[in-house]
Every structure is written in structure tokens, then in C-alpha cells.
Amino acid sequence: MTITDIPERYRVSSTRRETEDTWTLELEPVATREVGFAPGQFTMLYAFGAGEVPISVSGDPGRHGTLVHTVRAVGATTRAVCAAAEGQELGVRGPFGRGWPVADAEGQDLVVVAGGVGLAPLRSVLYTALADRERYGRLVLLYGGRTPDQLLFRDELVEWSGRDDIEVSLIVDAADEDWHGRVGVVPALVERAGLAGGAVAMVCGPEVMMRYAVEALLDAGLAPDRVHLSMERNMKCAVGHCGHCQWGPSFVCRDGPVYSWSEAERWFGIREL
């Protein structure tokens with residue numbers, strides 16, 4: 001039995017409600033090793049008595065000793081994770097998977113395109129780029145949600161919007177009376193961003209949003225191998241053994257969850273997958 005087979009005990013040190021059904025949890029190890037991670041990797045979170053679920057790490061890779069996960073309550077296990085109170089213990093396996101190619105983007109413009117809860121797996125990319133801002137050209141965040149109250153990390157969005165070293169554009173499908181920003185879909189932000197062909201893009205969100213965002217990025221001149229997306233679907237064992245996440249010839253938990261469009265294009269449009 002290897003370390004990836006055994007959940008390690010972590011204690012919930014804080015929780016924050018992001019939206020009606022989404023929470024961010026900070027976890028600290030209970031007399032176990034500290035887990036480092038690369039942006040885009042995920043862990044398997046185990047709620048004792050409920051089950052195990054794959055969740056991307058949404059925290060700062062430079063902050064050691066704490067794991068941060070942003071979880072949407074959509075099933076029995078994620079509801080149990082989201083309901084975890086401060087002091088409660090959860091199990092953690094990992095981290096697993098291939099993350100975002102942040103290092104490959106150094107010296108280039110970096111574009112983060114997210115929809116809904118898809119900002120969570122990309123939040124660590126923004127932390128990494130802002131910590132070493134001089135390593136990148138333009139840093140652009142294009143983010144949207146169904147409604148304003150569905151946007152994650154709203155305090156940080158306000159903070160980032162006030163900085164002069166990151167360009168933040170937000171959009172919602174449907175506005176309320178307090179929303180004074182853009183209304184529409186995320187791919188429309190790509191069209192307005194004035195991107196250069198040499199930029200590197202990282203995309204996460206609902207699959208239909210990713211499809212049209214990728215089309216807009218390609219139309220803007222980005223090469224397919226410079227557009228990357230996260231395919232977090234059907235993962236179960238996290239080590240490529242169970243077959244639940246097989247996607248074409250690859251296993252998302254082992255070979256992803258991040259793929260370049262060059263790798264993903266052939267399989268992305270097959271409905272049966």
C-alpha cells in the first residue's frame with residue numbers, strides 16, 4: 001500500500017461560504033506531512049462516513065502547511081465536505097494529476113479564462129503569477145458567472161480589479177439591480193481583450209463555455225498548443241486504475257486534468273465521452 005492509497009488526516013481550520021452552494025475550506029495537517037502542490041493539481045477529499053471526491057486545490061502554492069479547497073455541494077459527499085465545521089477532520093489523498101503549465105508561460109502574456117466554479121482551479125495560477133509578476137507580460141483574468149451572486153472570491157476580485165498589474169474583466173449571464181458591469185457570456189470577453197497570438201491561455205468552467213472560449217482564443221491568434229483547459233470529470237481512484245475517468249486514450253486523473261487543446265480537441269466534441 002502506498003501513500004496515495006491512505007487518506008491522511010487534516011483538520012478544518014476555517015470555512016467561508018462563497019455562494020449559496022459553494023464553500024472554501026482551509027485544512028491543516030494533523031501530525032502528518034505537509035503537502036505541496038502545483039497549480040491545477042487536485043486531491044481526493046474524504047468525508048468520513050460519506051465518501052471521497054476529487055477537488056482541485058484553490059489556495060496559494062507559496063503558502064506552505066495549509067491546503068485550500070473550494071467545493072460546490074452537488075452530491076452526498078460534497079455536501080458533507082461543505083458542511084464540515086472548524087475543528088472537524090477530513091481525509092486527504094494526493095496531490096494528483098498534471099497541473100497548469102505556469103512555468104511555460106514565463107515571458108509571455110498569461111490569460112486566465114474562467115466560468116463559475118471554474119475559477120477555483122485557476123486561482124493558484126493567479127497567486128503564482130502575481131507573486132512573480134515580472135516573469136510575465138500581460139496578466140489577464142476573464143471571468144463570468146450565471147448571476148453576480150454566483151461569482152467566487154468576490155473580495156479578491158475587487159482587490160485584483162484595483163491593481164495595475166492585472167487586467168480583470170467580469171461578466172454575468174443575468175444581472176441584478178446592483179450589477180453595473182457587463183452582461184453576456186465569457187467568450188465575449190475574449191473577443192474584447194485584444195490578445196496577442198503569443199499569449200498562453202488557461203481555461204476552466206462548464207464544458208460548453210470552454211468550447212466557445214477556446215474558439216474565441218484560437219480566433220484571436222493563439223496556437224492550439226498554447227491553450228490549456230482542465231477536464232475534471234468522473235475521477236474516482238486518482239491513479240488511473242478504476243477506469244472511471246477514461247477520456248479517449250487517456251485517464252483524466254493521471255494524464256490530466258489539464259490538457260492542451262492540441263491534446264483535447266479530438267475527444268472534446270464526442271458526446272459519448
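These notebook entries record what I looked up in a predicted model.

**Entry 1: the pair of helices α2 and α3**

I began with the packing of two helices. Such a pair is described by the angle between the axes and the distance between them. For α2 and α3, I found axes that come within 13 Å and cross at roughly 35°. The crossing of α2 past α3 is left-handed. I then listed the residues that make the contact: α2 contributes L119, R123, L126, Y127 and L130, while α3 contributes E156, L157 and W160. Sorted by character, the residues of this contact are 6 nonpolar, no polar and 2 charged.

**Entry 2: aromatic pairs**

I next turned to the rings. A ring pair is described by the distance of the centres and the angle of the planes. My count came to 4 aromatic pairs. One of them joins Y127 and W160, with 6.5 Å from centre to centre and 80° between the planes, an edge-to-face arrangement. I noted that Y127 belongs to helix α2 (residues 119-131) and W160 to helix α3 (residues 154-161), so this pair ties together parts 33 residues apart in sequence. Is W160 buried or exposed? W160 counts as buried because its relative accessibility is 3%, and buried means under 20%.

I then examined W247 and Y259. Their ring centres are 5.2 Å apart and their planes stand at 70°, so I recorded this pair as edge-to-face; the cut-off for that class is over 60 degrees. The pair links distant parts of the chain, with W247 in strand β13 and Y259 in strand β15 (residues 258-260), 12 residues apart. Both partners proved to be buried: W247 has a relative accessibility of 2%, and Y259 has a relative accessible area of 3%.

**Entry 3: charges over rings**

I asked which ring lies under the charged end of R98. That ring belongs to Y259, and the charged end of R98 sits 5.5 Å from its centre. Y259 thus appears twice in my notes, as the ring partner of W247 and beneath R98. A second case is R123, which lies over the face of F153 at 4.1 Å from the ring centre. I had already met R123 among the α2 residues that contact α3.

**Entry 4: S250**

I located S250 in strand β14 (residues 250-251). S250 is buried, at a relative accessible area of 11%. Leaving aside neighbours within four places in sequence, I found S250 in contact with C245, D255 and Y259. Y259 is therefore a contact of S250 as well as a buried residue, because its relative accessible area is 3%.

**Entry 5: S124**

I returned to helix α2, where S124 is placed. How accessible is S124? I read 0% relative accessibility, so S124 counts as buried. Not counting residues up to four places away in sequence, S124 touches F37, P39, G40, V57, S58, G59 and P61. I also checked S124 against M209: the two are 85 residues apart along the chain, and their C-alpha atoms are separated by 21 Å.

**Entry 6: A238**

Lastly I looked up A238, which falls in the loop between β12 (227-230) and β13 (246-247). Although in a loop, A238 counts as buried, because its relative accessibility is 3%. Its contacts, not counting residues up to four places away in sequence, are F42, M44, R93, F96 and C253. For A238 and L126, I noted a separation of 112 residues in sequence and 25 Å in space, C-alpha to C-alpha. L126 is one of the α2 residues in the contact with α3.

How values were computed. Residues are numbered from 1 along each chain as its sequence is written. This is a predicted model: local features need pLDDT of at least 70, side-chain atom pairs count only at pLDDT 80 or more; totals for chains, interfaces and linings use all residues. Side-chain values use heavy atoms; hydrogens and water are left out. Helices (H or I, at least four residues) and strands (E, at least two) are DSSP runs, numbered from the N terminus. Buried means under 20% relative accessible area, exposed over 50%, partly exposed in between (1.4 Å probe, protein chains only). Contact means heavy atoms within 4.5 Å. Rings of Phe, Tyr and Trp (its six-membered ring) pair if their centres lie within 6.5 Å; planes under 30 degrees apart count as stacked, over 60 as edge-to-face and the rest as tilted. A charge sits over a ring if NZ of Lys or CZ of Arg is within 6 Å of the ring centre and within 35 degrees of the ring normal. Axes are lines fitted to C-alpha atoms, for helices over the stretch in contact, and angles run from 0 to 180 degrees between N-to-C directions. A crossing is left-handed if the near helix is turned anticlockwise from the far one by less than a right angle, and right-handed if clockwise. Ala, Val, Leu, Ile, Met, Phe, Trp, Tyr, Cys and Pro count as nonpolar, Asp, Glu, Lys and Arg as charged, and the others, Gly among them, as polar.
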